[in-house]
Amino acid sequence: MPLSFDFRVDDLTGAREELREVVGNAGTALTQTGEAGPSLLPAQIDAPPLGATFFIETFGCQMNAHDSEKVAGVLLGRGYRQVEDLNSAKVVFYNTCSIREKAAQKVFSRLGEYRKHPGHGKIIGVLGCVAQQEGEEIFERAPWVSLVCGSASYSKLPALLAQLEAGNRRVTGLDTDTDETFETEITRRDNPFRAYLTIIEGCDKSCSYCVVPYTRGPERSRSSASVLQEVRKLADAGYSEIQLLGQTVNSYRDPMLRGMTRGMTFAELLVAVAAVPGIRRVRFTTSHPRDFSRDIVEAIDSVPELCDHVHLPVQSGSTRVLRSMQRTYSREEYLEKIALIRSARRPISVTSDIIVGFPGETEEDLADTLSLLDAAQYDGVFAFQYSPRPNTSSLQMADTIPEQEKGRRLAVVQDRQREIQIVRNNELVGQTFEVLVDGASRRPGQWAGRSSSNRILNFSSPHSDLLGQYIQVRVTGASPNSLIGEQVI
Ligand code: SAM
Ligand code: SF4
C-alpha cells in the first residue's frame, strides 16, 4: 500500500519520515507526494489565470525536495509568487522521480488529470528524472506540457523560463554533459531551522539497477569556497542545522579554483562547515561505502557539531549479488566499513538501503542479507523491491523473481530489521538526547524532534514554545521506529 503525503514544511524537517516505514515499504518509501495530492477541479481551471504565481509538486528524495527549493528560488527571483493551490497557479511544475517504476508512473497520472482541460492558460513543466528519461516524448503524451527539464540542466532554467515568458510554446533542457552545478541567488527554504545544501550533483558510479547516472548526469562537485559562503549566509539567516546532500556525498572532490594548491577533502569540508559560527548540527547523505574513509569517522569523533549518524546503503548482503549490482565492494569490505564506524569513540547510528528480488537473487543470497542485518545492527533500513528501469544495465538480466515473491522477501527483511530495532531502541531507555524540536508530535499533547543520531523522539514538556529549540529529552519508552520521552527540566 503506497504511502503518500503532501510536500510541505514538515517533509523538509524530516518529521514526516516518521510516517513512512523506516524498515521500508514496497518500493515507495521515497515518495513524498502522492495520490492524496491536489487534483484539478474543472470549475477552478476555468477561472482566469491569476498572474505570476507558481505551484510546485515534488516527488522523490531529499535531493529532489531541495532542487524544488532552488527552482522556487529561480521563480521568486523572477517575480513569481508561490501558491499552495494548484488551481490558482499560472505556472505548475512537477519535479519528478524515476528511481522505481511506481514513482515514475505517478507523474503521468498527474499529467493525465489535465486531459479533459488541457492547460487552460497555465504553463505546465515537468522537471527532474522523468523529464530527463522521457525527454520530448512527454510532449507527445501530454501536449499541454510546455517545459521539460532534467536536473542536470537546471542551471538553464532561468533562460528556459524567459523563453516561455517571451511566448515560446515549448522548451527543453535535456543536456547532461554539463560541468555546472545548479546554484541560485535565491533559494527558498521551507524549514526555518534546517537547510539542505547540495555539494555534489550527479553520479559517476554505475550500479546496474540505477537510473541516477543517466537522469542526473555525471558527478559535479561545488567548490568548498562557494559551499562555505552559503553556509555562512544560512547561519546569518538563523539556520542552525545543515544537511549536505549528494547521491554519493562522500565522493566529493573540491574543484581546484585559481590560487588553490589543493582542494578540501570531504572530511575537511565537514569540519569547516561545522566551524561556521551559529551552526550546531551538520548532517550528510548519502554516503557510498566504497568512498567511506577513516577520516570521516575521525571528524565525527572530534567535532561535536557533526551528527553521529551515517546513512551507508549496502543494497545486498551477498557478495555475488553485489557484484551483479556493480556496487564495487564485497560483503566483507562493507562490514569493514561498519567496523570502522563502530570503532568511533562516540556511538554513531547507521542506516541503510536494501534491494530485494534483484535478478538471480537466490534464497541463499537472501539469507546473506538477513545475516548482514544481524551483523550490521542498523538503526533503520529502507528496503525496496527491485524495479527494472530503462537505460540501466540490469535491464539485460532476466527479471527472474515474480513480484509476489519479491513482496515476500521484502516482508522477511522488514520483519528481521524490525526485531533488531526493537532491541536497539529499548536499550536507549533511560538515556538523554539533545533534540532539535521540529513541531507537534502525532501523539496528542507531545512535541517531536530529532536527535543528532537522527532518531525521532516524541516527548512531553510543560513548555509550549519549543519549536526550533535544542532541548534535552530523557527516553522513557521505545517503539521500532521512534522513541518516547520527557523533557529534562
Ligand atoms: N546513491 C545512493 C547509494 O548509492 O546508495 C542511493 C540513491 S537512490 C536515489 C536511493 C535508493 O533507491 C538506493 O539506495 C536503492 O536502494 C534504491 N533503488 C535505486 N534503484 C532501484 C531500483 N531499480 N529498484 C529498487 N530500488 C532501487
Ligand atoms: Fe545510483 Fe549507485 Fe550512483 Fe547511488 S551510487 S546514485 S545507487 S548509481
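In this predicted model, Gln 315 is buried, its relative accessible area being 8%. The residue is placed in the loop between strand 12 (309-311) and helix 12 (319-325). Although Gln 315 is not a glycine, its phi is positive, at about 80 degrees. A positive phi, of about 60 degrees, is also found for Gln 326, again not a glycine. Gln 326 belongs to the loop between helix 12 and helix 13 (331-342). With a relative accessibility of 36%, Gln 326 counts as partly exposed, because this value falls between the limits of 20% for buried and 50% for exposed residues. A further backbone feature is the peptide bond from Thr 285 to Thr 286, which is cis, with omega near 5 degrees. Thr 286 is located in the loop between strand 11 and helix 11 (294-302).

The aromatic residues were examined next. A pair of aromatic rings is described by the distance of the centres and the angle of the planes. Six aromatic pairs are found in a search of the whole structure. One of them joins Tyr 209 and Phe 358 in an edge-to-face arrangement, with 6.4 Å from centre to centre and 85 degrees between the planes. This pair links distant parts of the chain, 149 residues apart. Tyr 209 is in the loop between strand 8 (200-201) and helix 8 (212-216), whereas Phe 358 is in the loop between strand 13 (349-356) and helix 14 (363-376). Tyr 209 counts as buried, with a relative accessibility of 11%, and Phe 358 likewise counts as buried, at 1%. Together with Tyr 386, these two residues form one aromatic cluster.

Another edge-to-face pair is formed by Phe 266 and Phe 284, with 5.4 Å between the centres and 80 degrees between the planes. Phe 266 lies in helix 10 (residues 266-274) and Phe 284 in strand 11 (residues 281-285), so the pair ties together parts that are 18 residues apart in sequence. Phe 266 is buried, with a relative accessible area of 4%; Phe 284, at 5% relative accessibility, also counts as buried.

Aromatic rings also take part in arrangements with charged side chains. The charged end of Arg 141 is positioned over the ring of Phe 108, at 3.7 Å from the ring centre. Similarly, the charged end of Arg 280 sits over the ring of Tyr 470, at 4.0 Å from the centre of that ring.

The surroundings of Glu 201 were considered separately. Glu 201 lies in strand 8 and counts as buried because its relative accessibility of 8% is under 20%. The side chain of Glu 201 reaches the backbone nitrogen of Phe 182 at a distance of 3.3 Å. When neighbours within four places in sequence are left aside, the residues in contact with Glu 201 are Lys 70, Glu 180, Thr 181, Phe 182, Pro 218, Glu 219 and Arg 220.

Tyr 209, described above as a member of the aromatic cluster, is also one of the residues surrounding ligand 2. The shell around ligand 2 further includes Cys 203, Lys 205, Cys 207, Cys 210, Val 212 and Pro 213, as well as Gln 247, Thr 248, His 288 and Arg 327. By residue class, this shell divides into six nonpolar, three polar and two charged residues.

Note on methods: Residues numbered from 1 in each chain as written. Chains lettered and ligands numbered in written order. Predicted model: local features only at pLDDT ≥ 70, side-chain atom pairs only at ≥ 80, totals over all residues. Heavy atoms only, no water. Near = heavy atom within 4 Å. Nonpolar A, V, L, I, M, F, W, Y, C, P; charged D, E, K, R; others polar. Phe/Tyr/Trp six-rings, centres within 6.5 Å; stacked < 30°, edge-to-face > 60°. Helix = DSSP H or I, 4+ residues; strand = E, 2+ residues; numbered from the N terminus. Buried < 20%, exposed > 50% of the residue type's maximum accessible area, 1.4 Å probe, protein only. Lys NZ or Arg CZ within 6 Å of the ring centre and 35° of its normal. Polar contact = N/O pair within 3.5 Å; in protein donor to acceptor, adjacent residues only side chain to side chain. Contact = heavy atoms within 4.5 Å.
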